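Thanks for asking me to look this one over. Here are my notes, in the order I would read the model.

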Amino acid sequence: MTTPNALWLLPWSGPDGKPCYLSTDDSGGYVSRLADNIEAVQLGMAADLVEQVSAVLGDRGADSEDLRCMLAELTGALRDVLRVASSRGHILSVCDPHSTALLR
């Protein structure tokens, strides 16, 4: 997954909310596979949430509590998606130094 001396931002936080990183050149290792699976789940949940939010926004009967709940869930999903994008953008820039990093 990563090149030697490169760190992969994992899709979970450590103690005190600090980022966790993996240093490995084995994309088939247990932690690498676990991180890939968690990222896939996070992206799938974000996609489902987009559909749910669209439905709530189209519901004229939705009250402020419904909207507040959706915003809280959207914030968490967006945080997860940004972490995945940041991690994958870093991996792409490390693997292909001629490419432009998507996120800096």
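1. A word on terms to begin with: helices (H or I, at least four residues) and strands (E, at least two) are DSSP runs, numbered from the N terminus. Please keep in mind that this is a predicted model. On that footing, the protein chain has 2 helices and 2 strands, and their order from the N terminus is β-β-α-α.

2. Now the chain as a whole. Of its 104 residues, 26% count as buried. The accessible surface of the protein chain is about 7,100 Å², with 58% of that belonging to carbon and sulfur atoms. If you take the contacts between residues at least 6 apart in sequence, 51% join residues at least 24 apart.

3. The two strands make a hairpin with 5 residues between them, and there D16 takes a positive phi near 60°. Strand β1 (residues 8-13) and β2 run antiparallel, joined by 3 bridges. In this pairing, S13 of the hairpin stands opposite P19 in β2.

4. Do have a look at the side chains of β2 (residues 19-22). Which of them are buried? C20 and L22 are, and they point to one face, while P19 and Y21 point to the other and are not buried. In a regular strand, side chains alternate between the two faces of the sheet.

5. Last, the surface. Y30, V31 and L34 form a nonpolar patch there, and together they have about 270 Å² of accessible area. L34 sits in helix α1 (residues 30-58). With a relative accessible area of 31%, L34 is partly exposed, and patch residues need over 30%.

Technical notes. Residues are numbered from 1 along each chain as its sequence is written. This is a predicted model: local features need pLDDT of at least 70, side-chain atom pairs count only at pLDDT 80 or more; totals for chains, interfaces and linings use all residues. Side-chain values use heavy atoms; hydrogens and water are left out. Buried means under 20% relative accessible area, exposed over 50%, partly exposed in between (1.4 Å probe, protein chains only). Contact means heavy atoms within 4.5 Å. Accessible areas come from the Shrake-Rupley method with a 1.4 Å probe; for residues, only the protein chains shown count as cover. Two strands pair if DSSP finds at least two bridges between them. Patches are made of residues with over 30% relative accessible area and no salt bridge: like charges are joined within 9 Å, nonpolar side chains (Val, Leu, Ile, Met, Phe, Trp, Tyr) within 5 Å. A salt bridge is a side-chain nitrogen of Lys or Arg within 4 Å of a carboxyl oxygen of Asp or Glu.
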